Each structure stands twice: as structure tokens, then as C-alpha cells.
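Please look over the sequence and the structure shown here before reading on. The briefing after it takes one topic at a time, so that each point can be checked by eye.

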Amino acid sequence: MRVERSQSPTEQVTSILNEAAVAPDENIKLDLLLKSKEVLLYQEPKFLPQFINDVIAYQNDHSSTIRKFVVAFIEECCNKEKSNVCVTLPNLLMLLKDRSLVVQKRVVQAASNIYRAGLQWISMTDLPSSDLSTVWQDLTNLKSHVINMIDNDNEGIRTQVIKFMETVILVQTYKGEGGVDRENDVSLEDIPLTLKVTRRRRLEDEAKVVFDLLSRFCQSGNVGCANLMTCMGSLTLIAKFRVSFIEKVLITLETLSKNIPSSLTPSQSISVQKNLKLQLLSLLRLPASIEHQQIIGRLLLDIGASNQEIMKALQVLSKNEDSKKLLRSLKRKNDDKDDKKPDKDEIPEKKRCTEGTPPDQHVSSVKAWVLEKLSPETITNLIMTFMPKLPSKMPSAFVTNYTPIAAAGTDSHIKHVAKLLATLICGSDIVIPDLKYITQNDDESLEGVKEDIIKMEEEDILLAQPAELNMNNCQIDPIEAEELAIDALLRVLDTSKIILSKQFKEVHIKAITKVAVMCSDDFRNTILDYINLDMPKNMNLCLSWLYEEYSVNQGFIKLPTAFRNTLTSEQNYNTVLCALIRGALNIVDLKEKEDAITTFYFESPLITDDAVDILKEICGDHAFGLFILNELVTKRPPRQLVYLNALLFFTSHKNDKLREIALNFISKLYKNKDLKNIIEEYATFYLGFLRLQLPPDVLFGQETGRLVKSEVWDEDSTTACLYLYFMLMADNYELIHELAAVFSNSQGEVKRSIIKLLPHPIQNMPMNSAEMFRLLEEIPKGSEAMITRVLHTITEKEIPSPELVSRVKKLYENQIVEVRFLVPIISGLDKKYILNALPQLIKLNPNVVKEVFNRILGINYSNSNPPVSPAELLIALHTMDSDPNDLKYIIKATSLCFAEKSIFTQEILAIVMQNLMDVNPLPTLLMRTVIQSLTTYPRLIAFIMNILQRLILKKVWHQKTQWEGFIKCCQKTKPNSFQVLLQLPPEQLEDVLFQCPEMRKSLLDHVLSFTEVQRLHIRQAIMDVIFGKKMEVPMYQNLKVKCEPVSNTNNQHVIMSNQEKQSPENISNLKEDELRPPGDCDEDSINGI
């Protein structure tokens, strides 16, 4: 492509992109796009925002090479300017689902850089939180989609997904001391603490999950060789740059070294082992690996590494200054730890292996015991014992993966075997009677107390008779007595820690609940405070207290008058239940909080109205509250309607998540016949709000999520009244009649919202259903727009049935509805009916007209036989009888046709123009269509020339509009049109050159390029018009012209003397028929010219 130096960068890029749009060859188009990328990214980057969408638009190109270029362009744009991430992310997500695996692989490859750039941009930008949330959501979607492709069938895609997971882990974790530093490294330190769309802790937890997924993938049995080596390389890089993962990486590599996938061939297994050795050696050279040198060395010896290779790597490590510094700091830390360790003499001994010690202490204790017992005789006995259980033939997997252990018999190897045996023993039910182990001092003291209590229970000491008190010595101040009583209650509560017997625990709980029911509020509050300290552990006490209060409430237990407070029994129960539920809300752990609240509502004897109100508050913050409400509806029938109303309330909530959960539960309850009518009444009640002039107060408030009351109906308040009704209408189409009645009496904003949401609930409504026909027969006045929307929806994917077409035609013919009512069923009408209604249809909104054409031509339907062909439609638009003022509608309609290039191809347009030429008089828009066809399909140039020649025969100059279009077409198609212009009469040619004077010189040059024989066919009058009438001597007499080619056989007929060529008399004496235009001669002469 040639680019003029005088062009500005904008014009230059525009020219390149225009040429690429019409480039026929894939390689040419790619070269042009590469040139545009060079200009936009490196020469004139300031114009990138202006043209970035134009270049990305090629993502829909049929060539996978072009789509790969778009991915590379997006990647370079994001690397060049990180703010481009927010512009290109939606396009990248679309390309991620491309049909070509090559394009998908390239997208995953680019995702690493784009995700890193996007996270950096979000950390630095000052955009509002709402805009950042959208970008972060797209980044999160990209991340989840790519990671989910780890199970893709294509090995290349899996490899790129592994590299992406490596990037996510590195970006979403902190750097550590002793790791390798690299330029432009991004980590969690770069994420500001004030970032609102996400938090550092959340990102770090997510990175840990991704690392676990990567480790499991590396250890899977069916992983390929290439993926496995890529995964090992990624794990090694993670350990180098993020030393906090080095221990987990070593565990994964150790597992891999002992369990190489059996699906690999022998040569692949050898390659994997070699790669594993290289990765371990590189880790051994890492300064942060000093603490793990023994583990790495053992693994290297197990896979066949020599001592020389290990020592060489250690020598490199010893020369590293960073490793020396790290070693000194580790030494200081170890010294501090040694100072804090207790003396061994102070550690007591125990004789049980499976209780009282953590798992790590188990393994250490058992390992020491195994090392004591491990001798050549013991090993020999073990081998001989298990020898009969070995298979007769060595398994192929063992043969493939086995490598000799170079360090066999050494102290380190013996300790390793002992640790493996200890792990197996601790994982089993084996009890070692003479095992000694270490416990904490606190455990010792607690065990002593427990043993004493057990001994007391065995001797029935707790059941002994109480001693009698001397009442004369018990005169105590009431305030002091209450304080002493509360102290005694606290001691009773504390004894729960040492009571182990189930029998005594029940007695203990019963005593506390009696105190809670019978004593004053101070005692109640003391017990509540104790329960709130660890509510999950005290759940039995809570339920016992509730049932005790319920028994008093129901009269099962009679309290003495002295123990009754000012509250009624119902109020006491309600107060305790609500206090316990609110206490459960303060639990920090979400799982424990959910379990506690669920237990209260499922196992309490009675759920009061105040408790239901608290549950509604819980639902506003936690989704599990809706689950509780749903279960209460089905499992607690006595107050079923109360719970159902509470659940129905959330079907109009502003929070999308809560609303969707509530609607899902209601949709299941709607199938219950006993609840169906109640749910419908509630939905109809909310629908009736739309008849009001102002939104009701019930739609607003803290509990609905709409804090600010709206004084007018808007989309949010309208849809709140429609969510439940539309969900029910998807299962019961009878509800559409009430909707139509409300629609006719509602305001404009309400109607727009109804029409917007209507397609979803009725998309599966049968077009021949009784409810559809009833709706057409009983159309409420003012609901025509809604009925039209219904018809559009049910006929969107299927051709309307004859019965539906007949009923709608009847309505239209009776003037009940306007012409737009025919649009949904127009594909079911016959050709004559459609063409008669066409003048009115094209006056509708352009979007509606486009829908009309799509339905007429059957674009929306598969395997359909459209009533009108594309050619017939375009011909009808040109030939319809219409008012001159309606010409603008016809022009818009024809433009819509030309926009559908897949339907109105150049063959169709040729047929249309051929038929229009036979119309007399010529249609007004004929020449406009000819010019527009030429603009859309330049290859029609030859056919257009034929049309122009036929127009000359029809004396097109007699129709002013057509003549002006003829001249414009000739001007647009020059120099191809010069041959047509030479066929015009002199007067008309003079008119053409008068209106387009710039064509005179071009036409003259064209004539002078003729040979003399060719010029003999041009009439003198035409020549005079071309050269100008005012010239006394024709201009061409003094100009040189092209000579006629001479052949050897008949040169005597064509050779002319120089005198004859230059003699004006010879030309002026030619006869009129010898100067006739090429159009008057035979076809062979035309082809010769």
C-alpha cells in the first residue's frame, strides 16, 4: 500500500483500515493490520484510543489468523497503557470462547500479562468504585474461565493455563525474605489497603486455593509429559519468587518423585526425572532453601543425582552473599526458640499414643520408637512376613518408575524410612503400649483433675447427704446475699469444664435452667453472658432453658408465686428466645453462627412474632436466613402463613441475590396446592400497586433495601411489584389477563417497565393456547402495546400458526388495532396481503421496519419458506403507489435492505435492477438504487454499464430525476462510463459535459487513446461536442493519436499514409453512417472497441 507523506496520521490509519476491510486475501489483510498496529502503538500512540475499537472489531473475522492478531494487539495495548484493560476485557472474554482452539490458546497466553496489567491499573486509578467494580468483575470472570480450562482436551491450552495460574499465584501473594528478586515484579505489596473492590486477604486466600489446584494437577495420574514438566517449572518459579511456598513445593515434588504417572512412556518418565532433578538442583541453590537442604538432598539422591552434583550446587549457595545473610538471621531465630524450650527433665511421661497429643507429636514420638526398634533383624522379619503378599510378577508401573536409592543404608535414609513407618502407624488404629511421649503442663494438670472427678463419681461422693446449716447464724444483708448467690452461680457454671459424665452433665444443665426460670433478671443475664462466651458449646443449655420456659408458658410447670416476675410467661419465653438469637448473631465464625441460628429456629418449641422479625433482619444480611424461612414453611405448619408471608416479602427485595433465592424457594412452594392460591393473592396484591399514582410506602425502608423513598414510579419500584407475578406467570398463563387490565390503567413509566420484562415469563407460551386466544378476544382498552409485545415474543422463533394469523387479521380488518399489530404475524400472511400493507408498514419506526423485513424474509426462522423473496420486496418498494411526501420512508426502507448484505447479494440486486428497467415509466428511485448497488458491490460495474446503455435506448433524459441520476452514475463510474457517454446524442452529451465540466478532458483523453479505426465509429457531432463548438479548427487535427495495430496479412486495408492521418479534409468528408456511435454498430464492433 502506498501512503502519501502529506497524509496526517489519522488519515493514514483510516486509509489502512479501509483497505484492510476490503482486502480479498488473508495475508494482505494481516499485513495491513500489522502496519496499523505499528502506527498506533509505536509511531503515534496518542491516536490509539480513537482507533482501538476499529482494530478490535476484526475479532469477528472468519480467519483465525486475523483473530489471533486481535488477541496480540489487545495484549500489546494493555502492556503499552494499562488503562486499555477496561476497554478490551469484554472483547477478550468473547475471544476466550472462540471456536478455534488456536485462538483460545493465544487468549490464555495473553491472559497472564493482561491480568497483571489490570490489577496494577486498578491499584493506581482514581475511578469511582462503581466503575472499578465492573472492571474487577471482568478480571475475575477472565481468571475463573481460564483456570476452569485446566481440564481442556488440548494439551497446549492446558500448558498456557498452568502459566496463567503461576501468574495469579505470584501476583496475589507477598514477597518473602530470601527469594529471588526480578524487575517489574508485582505482588500483594503493590495492592493498596484502601482498595474497595477487593482485599489483600481475599486475594491471598484465592492464590493459596489456586496453588493447591496446581499441586493436585501435578500429582494427577493422567497428566501429560509436557504439562507435567511445565507444572514442575511453574512450581519451582513460585518457590524461588515466593519462598513461603517452598515447603509445599517440596512436598509436591517429593510425592511426584515417588508416583510418576503410569500413563507416561519409559522415555517420557526418564525425561520427567531429569527435569525434576534440574528443578531440585535449582531450588538447592536458592538462599531460602537452607532449612530444607536435607530434604532436597535426599530427594536428589532418590532420583539418581550424584554427590558431586549436590556438592556443586551447595558450593554455589555458599558463595552467595544473600544466603549468608539469611543463614545468620535463621541462626538467631533458632537460638531464640531454643531459649524458650522447657527442660526435658520437667516433661512428664504418658502411656497412651492416640489421645492427648497433637498429630506432629504423635509422629515424632512414634518415629523415635521405630528408630529404637529398627535393626537388621527387625527389617528381615518384616520382609519375610510380607513376602507372601507380594505379586508373582513385578508390576509394569514399578519397573518404569523405580530408580536405585543412592543413599540407601545411610543415617538420613534410615530416619526417612522411620518417619514413613511412623506416619502409617499414626494413621491406623495400632496402639503401642510401652510408648513414651511428650505433653504440655496444662494437659497434665487437667488430666489430674479429670481423674480425681472420675474417682469421685465412682465412689458416689457427689450423692452424699448435705450437711445441715444453723439458721440462726445466716443473717446476711440482701444485697450481699444476692452478690454471694451470683458468685455461687458463676462457680456452678464453671464446673461444666470438669464434668465428664453424661449423667451429671444433664443434672448440671437442669439445675442451671431451674435457676434461669425461677430467679431474677440478674441471674438470667449472668447465665446469658456465660452462654454467649461459647454458644456452640452451650447449645444444649440454651435449648433446655427454652423448653423449660415453654413448659411454664403452657402450664406444664407451676411456679410458686414468690418466683414470678412482672412479665407474663409468654413474655419471658419471647425475651429469652430473642436474646439467645441475638447472641448467636455475635458469633464470629460464619459456619458456627449459621448452625446456632438454624438450631434455634428448627428446635425451639415455639417461634414468636418477634423472633420472626429478627429472622427477617437476618435475611437482609445473610442468605441462610431465607433457607430457614423456607424450611419453617414446610416443617412447622401451625404458623405456616406467618413464615410464608415473611419469605414472600423478600421476593421484592432490592438485593438481587436475596431476591433470586426467595423467588427460587417460592417457585417450589407454588407447586403445593395448599399454598398456590395464597402465593397468587400476594403477587396480585403487589401487582395492584401499579394502578396507584404514587408508589406505596411498603416498597421502601431498611428491610426492603430501598432506603430513599421515590415520589414517582421508576423502573426499580415498578419491577419490585412484578418480580413475583412474572415468575408465577411463567407457570400459569391465566395471570396474563390481570396483567393486561393493570397495564391499561397504569402510567407511562410503568408500561415501559412491563413491556421490558414481559418477554421472559411468556417466552414458552403456546401461540395456539386458549389463554392467548382469550386475550385477543377480550383486549382491554389501552393494552394494545402489551398485546403486540406478547405476539412479538411468541412468534420470535416460530412462524405464526394459521389460527393465530386469522384472529389477528380479523382484529386489524375491523380497525380495532393499528398496522403495527400485523408485524408479529406478517410472516404468516400471503404475498398480496403483505404488499398491500407495505406502504403503511414502512412508515413505522426504523427498528420496527427492520423487524418487519426480517420476518417477511424469514431471517428469524430456520427452514422457513418466506412469503416474499428479497428481490420481490425491493421491487415492491420501488414500484408502490405512494405520495411524494412518503418518498423519504421508501428511501429509509431501501437503505435497510442494502444493509443486509447476506440477504441482498449482488445477484439479488442485479435481478432487481433488471426488472426495474422493464417498468414504464422508470421508478423514481431507480438510479439511486443503481448507484447504491455499485457502492455496495463494486463488481457490478459491468452490469451497471449495461443498465446505462439500456437507459439511453429508453431516452432517460426525458425524466429529469432519472437523468440526474444517470449523470451522477456516469461520473462515479468513469472511465468505464466513457464508452456509454459516446453513445449519447450530441445534445445530451453536451448537457452532461455542461453539468460535469471536469469530465471533458478525461473523455477527450479517452477518445485520443483510440486507434483511428475506432475513432471512425464516432460521429462528427459527438467529436465536436467533446472538442468544443467554438473552435474553428477542430483540436484533434493538431494532436497525435494512437496508431492502429498493423497485421502482416491485411495491412493493405489498415495502413494509412501520414498525409491522410493529418489531412482534415479526409475526416470531414466521411459519411454520417461511418461516424455512427459504437452503440449503433453490431456487437462485435463494440467488443472490438
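What follows is a short tour of cores, salt bridges, one helix, one loop residue and a surface patch.

The model is predicted. Its largest nonpolar core holds 186 residues, and a second, separate core holds 106 residues. The count of salt bridges comes to 33, and a few of them are described below.

**Nonpolar cores**

- Within the largest nonpolar core, which has 186 residues, Y601 and F966 are the members that touch the most other members.
- When neighbours within four places in sequence are left aside, F966 is in contact with M927, L948, L951, I952, V956, V980 and L984.
- A second core, separate from this one and made of 106 residues, includes L48, L89, F245 and L286.

**Salt bridges**

- Side chains of opposite charge can pair when their charged atoms come close.
- D61 forms such a salt bridge with K29, and the closest N and O atoms of the two are 2.9 Å apart.
- Because D61 lies in the loop between α3 (48–56) and α4 (64–80) while K29 belongs to helix α2 (residues 26–43), this pair ties together parts that are 32 residues apart in sequence.
- Both partners are covered, since D61 counts as buried at 11% relative accessibility and K29 is buried with a relative accessible area of 9%.
- K163 and E166 also meet through their side chains in a salt bridge, with a distance of 2.8 Å from N to O.
- These two residues, K163 and E166, are 3 residues apart in helix α8 (residues 155–171), so about one helical turn separates them.
- An α-helix has 3.6 residues a turn, so residues three or four places apart point the same way.
- The cover of this pair is uneven, because K163 counts as partly exposed at 30% relative accessibility, whereas E166 counts as buried at 7%.
- The side chains of E309 and K277 meet in a further salt bridge, at 3.6 Å from N to O.
- This pair links distant parts of the chain, with E309 in helix α14 (residues 307–318) and K277 in helix α12 (residues 266–284), 32 residues apart.
- E309 is partly exposed, having a relative accessible area of 30%.
- Elsewhere, E254, K258 and R298 are joined into one network by salt bridges that share partners.

**Helix α13**

- Helix α13, which spans residues 293–302, is mostly covered, as 7 of its 10 residues are buried.
- The buried residues of α13 are I296, G297, R298, L299, L300, L301 and D302, and R298 is also part of the salt-bridge network with E254 and K258.
- Just after α13 comes G304, which takes a positive phi of about 100°.

**A buried loop residue, T704**

- T704 sits in the loop between α31 (673–688) and α32 (715–720), and at 2% relative accessibility T704 counts as buried.
- A polar atom of the T704 side chain lies 3.1 Å from the backbone oxygen of G701.
- Leaving aside neighbours within four places in sequence, T704 is in contact with F649, H653, K654, V698 and L699.

**A nonpolar surface patch**

- I379, L382, I383, M384, F386, M387 and L390 make a nonpolar patch of about 660 Å² on the surface.
- One of these residues, M387, is found in the loop between α17 (376–386) and α18 (396–401), and M387 counts as partly exposed at 41% relative accessibility.

How values were computed. Residues are numbered from 1 along each chain as its sequence is written. This is a predicted model: local features need pLDDT of at least 70, side-chain atom pairs count only at pLDDT 80 or more; totals for chains, interfaces and linings use all residues. Side-chain values use heavy atoms; hydrogens and water are left out. Patches are made of residues with over 30% relative accessible area and no salt bridge: like charges are joined within 9 Å, nonpolar side chains (Val, Leu, Ile, Met, Phe, Trp, Tyr) within 5 Å. Accessible areas come from the Shrake-Rupley method with a 1.4 Å probe; for residues, only the protein chains shown count as cover. A salt bridge is a side-chain nitrogen of Lys or Arg within 4 Å of a carboxyl oxygen of Asp or Glu. Helices (H or I, at least four residues) and strands (E, at least two) are DSSP runs, numbered from the N terminus. Buried means under 20% relative accessible area, exposed over 50%, partly exposed in between (1.4 Å probe, protein chains only). A nonpolar core is a set of buried Ala, Val, Leu, Ile, Met, Phe, Trp, Tyr and Cys residues joined through side-chain atoms within 4.5 Å. Contact means heavy atoms within 4.5 Å. A polar contact is a pair of N or O atoms within 3.5 Å; within protein, one must be able to donate a hydrogen and the other to accept it, and residues adjacent in sequence count only if both atoms are side-chain atoms.
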